[in-house]
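This report describes a protein chain for a reader who has not met it before. The sequence and the structure are shown first, and the description follows.

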Amino acid sequence: TTTSDALWAGVPVITIVGGHFASRVSASILNAVGLPGLVTGSVDAYAALAGELSHDPDKLRRLRDRLAENRPSAPLFDTPRFVKNLERAYQRMWETFVEGSAPRRIEVAEG
């Protein structure tokens, strides 16, 4: 959630792809908002990118501008769409329960 909160605030985030949940989520969020270049593969690459951005304010500004441009259209930040799809999922769960069916995987298609 820290990555999501920072991006909502317009602050680019750098992450390292790893095997633990937080790093996978952070990488996924950055890809979803169109900033895959902020996902690094190692501690050295992370440090190099952080150093590069700290010494290149124009590059950092371009990242912030891209984030500001992508944020309104990124599904990740489309709250009305999320709510609509979540409500669909809840409806399907209820229908499954009422039918007396066993719980099952529910996929919600855009509608």
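Thr40 belongs to strand β2, which covers residues 39-40; helices (H or I, at least four residues) and strands (E, at least two) are DSSP runs, numbered from the N terminus. With a relative accessibility of 7%, Thr40 counts as buried, a class that means under 20% relative accessible area, whereas exposed means over 50% and partly exposed lies in between (1.4 Å probe, protein chains only). A polar atom of the Thr40 side chain lies 2.8 Å from the backbone oxygen of Thr15. A polar contact is defined as a pair of N or O atoms within 3.5 Å; within protein, one must be able to donate a hydrogen and the other to accept it, and residues adjacent in sequence count only if both atoms are side-chain atoms. Not counting residues up to four places away in sequence, Thr40 touches Ile14, Thr15, Ile16, Val17, Ala45, Tyr46 and Leu49, where contact means heavy atoms within 4.5 Å.

The model is predicted: local features need pLDDT of at least 70, side-chain atom pairs count only at pLDDT 80 or more, and totals for chains, interfaces and linings use all residues. Residues are numbered from 1 along each chain as its sequence is written, and side-chain values use heavy atoms, with hydrogens and water left out.

The protein chain contains five helices and two strands, in the sequence order α-β-α-β-α-α-α. Its radius of gyration is 18 Å, well over the 13 Å that the globule rule gives for 111 residues, so the chain is more spread out than a compact globule. The radius is taken over C-alpha atoms, and the rule is 2.2 Å times the number of residues to the power 0.38. Along the principal axes, the C-alpha atoms fill a box of roughly 60 × 30 × 20 Å. Of the 111 residues, 26% are buried. Among contacts with a separation of 6 or more, 53% join residues 24 or more positions apart.

Four further residues can be placed within the helices. The table gives their location and accessibility.

| Residue | Helix | Relative accessibility | Class |
|---|---|---|---|
| Ser4 | α1 (residues 2-8) | 18% | buried |
| Asn70 | α4 (residues 57-70) | 18% | buried |
| Arg92 | α5 | 32% | partly exposed |
| Glu95 | α5 (residues 79-99) | 38% | partly exposed |

Ser4 is in contact with Ile29 and Phe77, leaving aside neighbours within four places in sequence. The C-alpha atoms of Ser4 and Ser26 are separated by 7.9 Å, and these residues are 22 residues apart along the chain.

Asn70 has a side-chain polar atom 3.1 Å from the backbone oxygen of Val33. Beyond its neighbours within four places in sequence, Asn70 is in contact with Val33 and Gly34.

In helix α5, Arg92 is in contact with Ile106, Glu107, Val108 and Ala109, again leaving aside neighbours within four places in sequence. Arg92 and Ile106 are 14 residues apart in sequence, and 7.3 Å separates their C-alpha atoms. For Glu95 and Ala9, which are 86 residues apart in sequence, the C-alpha to C-alpha distance is 38 Å.
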